[in-house]
Amino acid sequence: MSAQSKKNIKWVEGLRGITSALVISTHLARALDFPLFWPADEKDGTPRWLQVPYLRIPWQGRLGVPIFAFLTGFVCAAKPLKLAYQQGNHSASLKTVARSAFRRPPRLMLPAVIATLISFVLSILGAYTASNRCDSFWVRFDAPDPVPLGANFRRLFRALLDTWTTTENVYDRHQWAMRPLLIGAFQVYIVLAATIGMRFRYRILVHVLLVAYWLLNTGPLTETFGANLALGTLLAELSQHRPTQNFIAKYQRILSYVIVPILLLIGGYVGSYPHEHEDWAPWSLRLHKFLVDPAGDGSRGSFIVPKGANAGRRASAFMIQCVAVSIFLSPSLQNLLSHRLLLWLGHHSFAVYLTHGTILRTLGMWIVYGISGQPWEDPGKNEDGSPKEPNWLHPKSRGHKMASIVIFTTVTYIAAWAWMKWVDTACARATQWLEKRVFDDDEGTEGGKAGLAEKGYANGGASREHAQPLLNGGEARVPPP
């Protein structure tokens, strides 16, 4: 069982590594070749190779965040469930949940604040001029507009607050997922605390009902976060369940070579659903009718995409769920994801997520459009006072785009390595210091004594039974002879 647990930890890290690469490829496509999100460049046109089903998956987006949500559910539940299963120590499991819940906010917020501050400084220095003037509307939307210095400081304060309230951060819009992921982690902690004492079958029932609830809920992003978080917790539960693991080992061949390929093929095809213009290719139009409008009159949706749900996000979430179950069922896939290169990428995935956007909007766009953002003329205004459409800057050449992709990717992973070595290490130490200051130590060390003294006990000894309560004046109450 311990070997299985170690393997699980490795494949989680490897999947993180693939996710970081998917985030980079998606945002490169958005910045430099947005039509890759469509099934073809024009209606009834011949699709490019990277626009056909399956091959389009890395470029079309909508995958990185749901994978991070699934991994959040799995990782947040893994250690508490391991304590509950292998050691039968529910008390230690709950204490692990408490400490994990305390660590989660600073481990997310501190690095995010630093990334925002870096982007803020670059904005003051005018590093986003090329991005503000380029012909890629997504890059222009993603880059902070130039404003006076005083307004920039006010905007910084608002961005630091809005990241965790409205998810809006003009200096790094990719941080929009941080708040839902933080909330999702606490949803997992609440479920663990509420169910840790239940029998196995009833805990599984709770997890299954949560997955079903989030899939039936057609509110915004319920499939991206809620369902995948609950699925991650469910699979973390089953990964500790010996009969389930014995079943997987017994039927490993049929699961790995029959069931898993079917899941991946179905999930990959559904996950190929395009961002827009689904009527531009026969395959995407058929998929749209099957998923979104099976009746042909708009009266109902499908099991995968209920009426009123976001079709693109539902399709991607379904694919991630197929992939997650496939990995869980296949030791071969787990071993593949445990490759040391993927583990290295996974170790640096959070740093890639925080740094890649700023590097893309500066260095990446400098290579394609030039650093100065010239030539540029103020377009002025129309007779009605509305602004005229500017003559946006165009890429220098296809070669500059290719050079930008290579240099941007290389610099991003170098920056991620440096981030993990210095920035993330400092944030981890700060969080650890806070944890030691805040939490009471039950082992009778100095932290435990201080905690007992705060509660009004005199000697804060190794056991609470022998600690003497204090009188109002601070003198220990001694029993009469």
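Colour the charged side chains before anything else: the protein chain carries 50 positive and 33 negative side chains, and the centres of the two sets are 9 Å apart. Here Lys and Arg count as positive and Asp and Glu as negative, while His and the chain ends are not counted. Each charge is placed at NZ of Lys, CZ of Arg, CG of Asp or CD of Glu.

The model is predicted: local features need pLDDT of at least 70 and side-chain atom pairs count only at pLDDT 80 or more, whereas totals for chains, interfaces and linings use all residues. Residues are numbered from 1 along each chain as its sequence is written, and side-chain values use heavy atoms, with hydrogens and water left out.

**The whole chain**

Zoom out to view the fold in cartoon form. The protein chain contains 19 helices and zero strands; these are DSSP runs numbered from the N terminus, with helices (H or I) of at least four residues and strands (E) of at least two. Along the principal axes, the C-alpha atoms fill a box of roughly 95 × 60 × 45 Å. Of the 481 residues, 46% are buried (buried means under 20% relative accessible area, exposed over 50%, partly exposed in between, with a 1.4 Å probe and protein chains only). Among contacts (heavy atoms within 4.5 Å) with a separation of 6 or more, 71% join residues 24 or more positions apart.

**Helix α12 and its patch**

Select Phe247, Tyr251, Ile254, Tyr257, Val258, Ile259, Ile262 and Ile266, which make a nonpolar surface patch of about 750 Å². Such a patch consists of residues with over 30% relative accessible area and no salt bridge, nonpolar side chains (Val, Leu, Ile, Met, Phe, Trp, Tyr) being joined within 5 Å and like charges within 9 Å. A salt bridge is a side-chain nitrogen of Lys or Arg within 4 Å of a carboxyl oxygen of Asp or Glu. Helix α12, residues 252-271, gives the most to the patch, with six residues. Centre next on Tyr257, which lies in helix α12 and is exposed, with a relative accessible area of 57%.

**Ala281**

Move to the loop between α12 and α13 (282-291), where Ala281 is found. Ala281 counts as buried because its relative accessibility is 7%. Add Pro146: its C-alpha atom is separated by 40 Å from that of Ala281, and the two residues are 135 apart along the chain.

**His207**

Finish at His207 in helix α9, residues 200-216. His207 counts as buried, at 2% relative accessibility. Leaving out residues up to four places away in sequence, His207 touches Val191, Ala230, Thr233, Leu234 and Glu237.

How values were computed. Areas by Shrake-Rupley, 256 points an atom, 1.4 Å probe, with all protein chains shown as cover.
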